[in-house]
Structures are given as C-alpha cells and as structure tokens.
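Visitor: I'd like to learn how to read a model like this one. Could you walk me through it?

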Amino acid sequence: MAVGVLRDCTMPEECPVRAKLTSSDDPISALKSASEAVLNAYWNDKDVATCKRNAKTAIAWGLEHADALGDDENKSDILGAVKPIAYNLASFLWTGWDEPGIVLAPGDHAIGEEAALLNLRLAAELRRDAIAQCRAHWLVGAFRLTANDYAAARETFAHAARFAEDGDGPADAALNRAYAALAAVFENGRSQEFIDVYTSALDALANVEDGADYVVQVKKAEKVVSREHA
C-alpha cells in the first residue's frame with residue numbers, strides 16, 4: 001500500500017498515541033483515538049511535530065494490521081479508519097492554507113504528498129462515493145500546485161471536478177474548476193487570457209453555497225504559490 005515515510009515508523013516511546021495503539025484490543029477504536037489526537041495537536045496546540053508523529057505512527061500501525069488480515073472482511077474497516085488520518089495529515093502539511101501559527105519543516109511537503117496519495121488510493125480501494133473521490137483528487141492536485149507542477153495540478157483538479165459533477169456536488173465542482181484555472185494561470189506565464197478564465201471561475205465559485213469562503217481559500221493558495229514560486 002504505502003511506501004516511504006508513512007511506512008517508516010518505529011513508534012517511538014514518546015509518541016502520545018503509541019500506548020493506545022499497542023494496548024487496545026479494538027484497532028478501530030484505537031485508530032479513532034489516534035485520529036482525535038492528530039486533530040487536537042494541530043488545531044488546539046498548533047504543534048505540527050506532534051501532529052505529524054501521531055499521524056505517521058497511526059498510519060503505519062493501521063496499514064500493518066490491515067496487511068496482516070489479508071482478505072479478512074475487517075481489513076476494509078481498518079483501512080477506513082486509516083483514511084481520514086491520511087487525509088488530515090496531508091491537509092495539515094499543505095502550505096496553501098497559509099494557516100496562522102503553523103510552521104512547516106522542509107520535509108513536510110513530501111510527507112504530506114505521500115499521505116495525500118495514500119488517501120487517494122484508499123478512496124479508490126474502499127470504493128468511496130464520487131464526492132470523496134473528488135476531494136481525494138483535489139488534495140493531490142493541491143500538492144502538485146504548490147510543488148510548481150502546474151500542468152499536473154490542472155489535470156488533477158479537472159479530474160476532481162468531473163467526480164464532483166458525477167456526485168451532484170456543484171460547490172466541489174466549482175471549487176476544483178477555480179483551482180484548475182489558477183494552475184493554468186501559472187502554467188501559462190500569467191497571461192491575460194488565462195487570468196480572465198480564472199477570474200470567471202472565481203465569479204462562478206462565489207455563487208455556490210459557502211462560495212465566498214471558497215474564494216478566499218483559492219486566493220490564499222494563489223498568494224502562497226506566487227510568493228514561493230515567484
């Protein structure tokens with residue numbers, strides 16, 4: 001399933017979720033507790049290092065247990081509990097939020113991207129609905145955008161928008177079309193033609209439910225990409 005940093009976890013003694021994972025007879029409950037610890041470390045403590053350590057430990061532990069089950073029907077339940085941890089880890093390590101009080105380390109982008117790819121693979125393997133597939137693709141596209149891989153980001157956002165359309169999610173579709181248009185702006189040297197398309201996409205996004213907040217989100221990502229890849 002996952003390779004690299006998400007499998008490379010020796011569950012250090014100081015990891016807050018270690019005892020819960022190793023002592024629990026209920027892996028699903030243990031993973032849900034770990035998921036809560038990840039959220040608390042990020043949102044309440046603004047502690048990216050602990051958030052990352054908790055998430056990596058839980059993901060590695062969950063994947064190891066899922067592998068051991070083979071074709072057991074409980075495997076999907078365990079992977080289903082791993083998936084939101086992977087999603088949240090990736091989201092928390094994406095620079096495009098420009099979240100106040102959050103400081104990311106140089107290697108966090110790679111960890112976040114791997115978590116995003118794991119979340120995408122689990123969305124497909126677990127046959128999640130079209131909106132979940134859309135959001136999994138969006139997250140991968142987000143990392144490609146901030147990695148300066150604009151063509152791949154544009155294609156991924158466009159793919160996500162198609163999933164949103166299939167799932168009757170107009171807000172998700174409009175959001176991904178706006179991100180795709182933003183990627184095209186950078187891909188094409190910020191030419192006026194693509195800026196106009198992007199502006200139109202933002203106008204359309206503003207008209208969906210919670211559209212104003214989504215527009216702010218996209219513009220933050222634009223600011224980050226402009227700043228980091230000027």
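Visitor: Let's start with burial. What percentage of the 230 residues of the protein count as buried?

Guide: Keep in mind that this is a predicted model. Buried means under 20% relative accessible area. By that cut-off, 47% of the 230 residues of the protein are buried.

Visitor: And how much area does the protein expose?

Guide: About 11,000 Å², with carbon and sulfur atoms supplying 48% of it.

Visitor: How many helices and how many strands does the secondary structure come to?

Guide: You'll find 10 helices and 0 strands. The radius of gyration is 18 Å, close to the 17 Å from the globule rule for 230 residues, so the protein is as compact as a globular protein of that length. Along the principal axes, the C-alpha atoms fill a box of roughly 60 × 35 × 30 Å.

Visitor: What share of the contacts joins residues at least 24 apart?

Guide: Take the contacts between residues at least 6 apart in sequence: 67% of those join residues at least 24 apart.

Visitor: Can we zoom in on one residue? Where does Asp-77 lie?

Guide: Look in helix H4, which covers residues 74-92. Partly exposed sits between the 20% and 50% cut-offs, and Asp-77 fits there because its relative accessible area is 45%. Asp-77 is also 50 residues from Pro-27 in sequence, while their C-alpha atoms are 9.3 Å apart in space.

Visitor: Last one, on charge: how many positive and negative side chains are there?

Guide: The protein has 23 positive and 36 negative ones, and the centres of the two sets lie 3 Å apart.

Note on methods. Residues are numbered from 1 along each chain as its sequence is written. This is a predicted model: local features need pLDDT of at least 70, side-chain atom pairs count only at pLDDT 80 or more; totals for chains, interfaces and linings use all residues. Side-chain values use heavy atoms; hydrogens and water are left out. Helices (H or I, at least four residues) and strands (E, at least two) are DSSP runs, numbered from the N terminus. The radius of gyration is taken over C-alpha atoms; the globule rule is 2.2 Å times the number of residues to the power 0.38. Buried means under 20% relative accessible area, exposed over 50%, partly exposed in between (1.4 Å probe, protein chains only). Contact means heavy atoms within 4.5 Å. Accessible areas come from the Shrake-Rupley method with a 1.4 Å probe; for residues, only the protein chains shown count as cover. Lys and Arg count as positive and Asp and Glu as negative; His and the chain ends are not counted. The place of a charge is taken as NZ of Lys, CZ of Arg, CG of Asp or CD of Glu.
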